[in-house]
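Student: I am new to this structure and would like a close look at one part of it, the open sheet. Please take me through how its strands are arranged.

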Amino acid sequence: MFFGVALIYFMKQLVVAPNFSDNLILPGADDAMRLQSVRDMLAGQGWFDTRQYRVLPPEGISLHWSRLVDAPIAGLLSILEWMLDRDAAERLLVLLWPMTLFLLCAWTNMKVARAGFGVPAAVLTLVSLWFLQSYYTRYFPIGRLDHHNIQLVLMLAVFGLLLSRGWKAAALAGALAALSMAIGMESLPFLGIAGLVWVWRYLRCKPESEEALAAFGLTLGLTAVLLFVVQTDPALWGLRVCDQLSLPYLALVGSAAGLGLLILATRQHLLTMRSRALILLVTTVGMGIVVVPILAPCFGGPFADVSNDVRDQVITRIGESIPVAQMIRQAPAMAFVLLGPLAVVTLLSGAIWLREVAARRDPGHWGLLTLFLALGCVGAFLQLRAMIWGHAVMAVGFGAVMAHLLNRPWPIPRAVKVVAMIVFFAIVFLPQLVPLGIKSIKAALYDTGGATIQVDLVELDAACDQASLLRSLSDIPATLIASPLNLSTGILIHTAHSVTSAPYHRSTDAMLNGVLPFSGDMPELRRMIETTGAKFVLVCADQIYGTPDGAGSRLSAKQAPDWLVPVDTIAPPLLLYEVAE
């Protein structure tokens, strides 16, 4: 079965990127920056030094990523370099890394679905992995080196361990939760809900709930401290940051460990729900007095320290950072394609759970499954990227729902059941069909005058962010290039040049340098160039940067001022201008 999963994964990726063996495929800026960080580490940059010095040199910019992800990628690349040259090793790396994680995800999904919902659900869960578009296009495509796929697998594993009742499973879940926090903080709401489930079981005096909650809290706290020490420079141990495991989050997991110790010390005495509720209330108030002042600056999430300029001018323009409500207004068809499959699986899972409860049957794990699926739907209304909370258990959700629907009799004709199942399958795996169908019906019923219903979201500079084009910049000696955000990481990974911008929130200057000077007027662009010392300006032809009259748009239309001299040796549609002395 796993051979089939691997084969289908490879075939799907081959269709999307048939030339992967000849080109270094990196689907996003984070993937390129991750590979560049790995290159720098292998070239001798320190374990604790995660700065990228080729962005705004010589100081560089700080990155909030974890070496715990860099290290295994670097290890795999080093092994491949024993057999291949660096370029070939990197091309193979960007295939093997996401493929390995995808197979780990498939194995974990199968184990979780089987343990929670039975063998038929496990089989259907594996089948769903062949078709779920979010898995192939967002989390596990060729070149996906960022950390979100690892986070998805870790959250899925924590959910699977939550289905068990013993303390060993809870202890392992605590360790995996700590690893997830060390890698990135985006999984914190998911992990927090998991912890509250163990608290709820303890409160209701479930068997082995005392040992399980204590084990989860203790291993979470101890492992988090250990990983913090491993990945954080001792000189920065007292620094508060909200986008990485640091003092505020250590205070949070430390309180979880303290609660675990308290539960172990009182487990022979607190045997009723009332006594446990009282001790939890007193403990929560006490820990809140100590922890809340430390954690309060990070209540805004990982972007709590981001300036208003970066939030307004950059982050709100990034597709995955906008709430789904905004996308529903701007592009309702795209919103359905992104959220529809998760929402449908969530609604059906919830309906099954309510039906089992209403029939006074044991609902099993349907309540937990619905809870975490719904968490992803709610998260989408904060930021689209928060759907990962639900995507982590979506394959299990589909397998469990489909198995339940297939195995239960329906009080309707068989033909209607078959049609309903086909519709469910289509919405989950081919959500584009629904907007297309609605568009066709409207076109048949109403005269739309040729107007389009779906608003397409076009990624700026996509035509120029190609390895073969960017490598033509190597014809000029290594220098500092000013470019829009979308081109900056490509320049880093495919050339020896440095850049003035990068889409990473810890540097306000790097973020704004890639947006405001290109959407503003020429004097604003010139001020940025004089401030950074950039020697060249790079744009992509036929693009609109902010406004048609903006500096970037004018350069894109080859309307350059006298102080910018066109360089004709660069591959089109790239347009390079040298700053006149």
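Tutor: Proline 566 stands opposite tyrosine 577, a residue of strand S5. The model is a predicted one. Proline 566 lies within the range of strand S4, residues 564-567, and S4 pairs with S5 in the antiparallel sense over 4 bridges. A hairpin of 6 residues connects S4 to S5.

Tyrosine 577 also has a bridge partner in valine 537. This leads to the pairing of S5 with strand S3. Strand S3 covers residues 536-540 and strand S5 covers residues 574-579; the two run antiparallel and are joined by 5 bridges. Phenylalanine 536 stands opposite glutamate 578 of S5.

Strands of a sheet are paired through backbone hydrogen bonds, in either a parallel or an antiparallel way. Here the sheet is open, has 5 strands in the order S2-S1-S3-S5-S4, and shows mixed pairing. Its edge strands are S2 (498-499) and S4 (564-567), each of which pairs on one side only. Helix H22, made of residues 485-494, packs on the sheet and touches strand S1 (480-482) as well as S2 and S3. The direction of helix H22 makes about 115° with that of S3.

As for strand S5, it stands between S3 and S4 in the order of the sheet. Buried here means under 20% relative accessible area. Of the 6 residues of S5, 5 are buried, so strand S5 is largely enclosed by the rest of the structure.

Key:
Residues are numbered from 1 along each chain as its sequence is written. This is a predicted model: local features need pLDDT of at least 70, side-chain atom pairs count only at pLDDT 80 or more; totals for chains, interfaces and linings use all residues. Side-chain values use heavy atoms; hydrogens and water are left out. Two strands pair if DSSP finds at least two bridges between them. Contact means heavy atoms within 4.5 Å. Axes are lines fitted to C-alpha atoms, for helices over the stretch in contact, and angles run from 0 to 180 degrees between N-to-C directions. Buried means under 20% relative accessible area, exposed over 50%, partly exposed in between (1.4 Å probe, protein chains only).
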